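Thanks, everyone, for making the time. I would like to walk through one structure this morning, going from its charged pairs to its core and then to its largest pocket.

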Amino acid sequence: MKNNINIKNRKAKFEYEILDKYIAGIMLAGTEIKAIREGKASIAESFCEFQNNELFVINMHVEEYSHATHFNHNPKSERKLLLNRQELRKLEKEVKNSGLTIIPLRLFINDRGLAKMQIALAKGKKLYDKRETIKDRESKRRLDRIKKDYN
């Protein structure tokens with residue numbers, strides 16, 4: 001059973017400066033994992049938040065599973081992320097002291113069939129940083145175009 005589910009948060013690298021990355025497990029209901037395996041999930045507008053020393057992903061959208069009965073899950077519910085206690089303490093300290101944010105970068109199924117989420121400790125970019133990113137991207141495209149024409 002080969003799963004190549006890889007749901008990415010494309011806006012994350014544009015909106016935030018990524019400082020540190022972690023891989024976390026997710027607590028899911030049965031219908032949620034089935035919907036994710038079908039690729040019907042979105043992490044574009046989601047973020048992570050601490051509640052009672054536990055980390056939750058908020059605003060992650062997992063569509064309802066099509067073959068489920070009335071026991072289906074809530075598409076926008078909070079989902080608990082599973083990390084080591086040391087990692088949780090470190091992240092919570094960074095968020096409280098530095099004002100950093102924890103954002104999901106990608107949602108994937110590992111080789112054992114478990115849903116995992118790559119999260120990042122990030123700092124929000126200012127408007128001029130975003131303009132700089134756009135400028136770099138445009139100059140890279142222009143350079144690639146010139147190289148292609150030259151060859």
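A salt bridge, as I use the term here, is a side-chain nitrogen of Lys or Arg within 4 Å of a carboxyl oxygen of Asp or Glu. Please keep in mind throughout that what you see is a predicted model.

By that rule the count comes to eight salt bridges, and I will take three of them in turn. In the pair I start with, E32 forms a salt bridge with R79, and the closest N and O atoms are 3.0 Å apart. This pair links distant parts of the chain, since E32 sits in helix α2 and R79 in strand β7, which covers residues 79-82, with the two positions 47 residues apart in sequence numbering. Are these two partners buried or exposed? E32 counts as buried because its relative accessibility is 5%, and R79 is likewise buried, with a relative accessible area of 1%.

The helix that carries E32 deserves a moment of its own. The buried residues of α2 are T31, E32, I33, A35 and I36, and what covers them includes β3, at 41-42, β6, at 61-62, and also β7, β8 and β9. Just after α2, G39 takes a positive phi of about 85°.

The next pair also joins distant parts of the chain: E15 in helix α1 and K130 in helix α4, residues 127-150, are 115 residues apart. The closest N and O atoms of the salt bridge between E15 and K130 are 3.0 Å apart, and E15 is partly exposed, with a relative accessible area of 29%.

The last pair I picked lies within a single helix. D144 forms a salt bridge with K140, the closest N and O atoms being 3.4 Å apart, and because the two residues are four apart in helix α4, they are separated by about one helical turn. D144 counts as partly exposed, at 37% relative accessibility, while K140 is exposed, at 52%.

Let me turn to the nonpolar side. In soluble globular proteins, nonpolar side chains tend to be buried together. Here the largest nonpolar core has 28 residues, and those with the most contacts inside it are L55, L81, L91, M117 and I119. Two or more residues each come from β2 (16-26), α2 (30-37), β4 (47-51), β5 (54-58), α3 (85-98), β8 (101-109) and β9 (115-124), and β9 gives the most, with four residues. What does L91 touch, once residues up to four places away in sequence are left out? The list is Y22, F50, L55, L83, I102, I119 and L121. Apart from the largest core lies another one, of five residues, including A12, L105, A120 and A122.

That brings me to the largest pocket, which has a volume of about 170 Å³. Its lining is made up of K8, N9, R10, A12, K13, K21, L105, R106 and Q118, and by class this gives two nonpolar, two polar and five charged residues. Helix α1, at 12-15, and strand β8 each supply at least two residues of that lining. For those following along on the structure, A12 and L105 appear in this lining, and both are also among the residues of the five-residue core.

I will stop there and take your comments.

Notes:
Residues are numbered from 1 along each chain as its sequence is written. This is a predicted model: local features need pLDDT of at least 70, side-chain atom pairs count only at pLDDT 80 or more; totals for chains, interfaces and linings use all residues. Side-chain values use heavy atoms; hydrogens and water are left out. A nonpolar core is a set of buried Ala, Val, Leu, Ile, Met, Phe, Trp, Tyr and Cys residues joined through side-chain atoms within 4.5 Å. Buried means under 20% relative accessible area, exposed over 50%, partly exposed in between (1.4 Å probe, protein chains only). Contact means heavy atoms within 4.5 Å. On a 1 Å grid over the protein atoms alone, a cavity is a set of points where a 1.4 Å probe fits but cannot get out, and a pocket is an open set with protein on both sides within 12 Å along at least five of seven lines; lining residues have an atom within 4 Å of a point. Grid points are joined across faces, edges and corners, and a volume is the space filled by probe spheres set on the points. Ala, Val, Leu, Ile, Met, Phe, Trp, Tyr, Cys and Pro count as nonpolar, Asp, Glu, Lys and Arg as charged, and the others, Gly among them, as polar.
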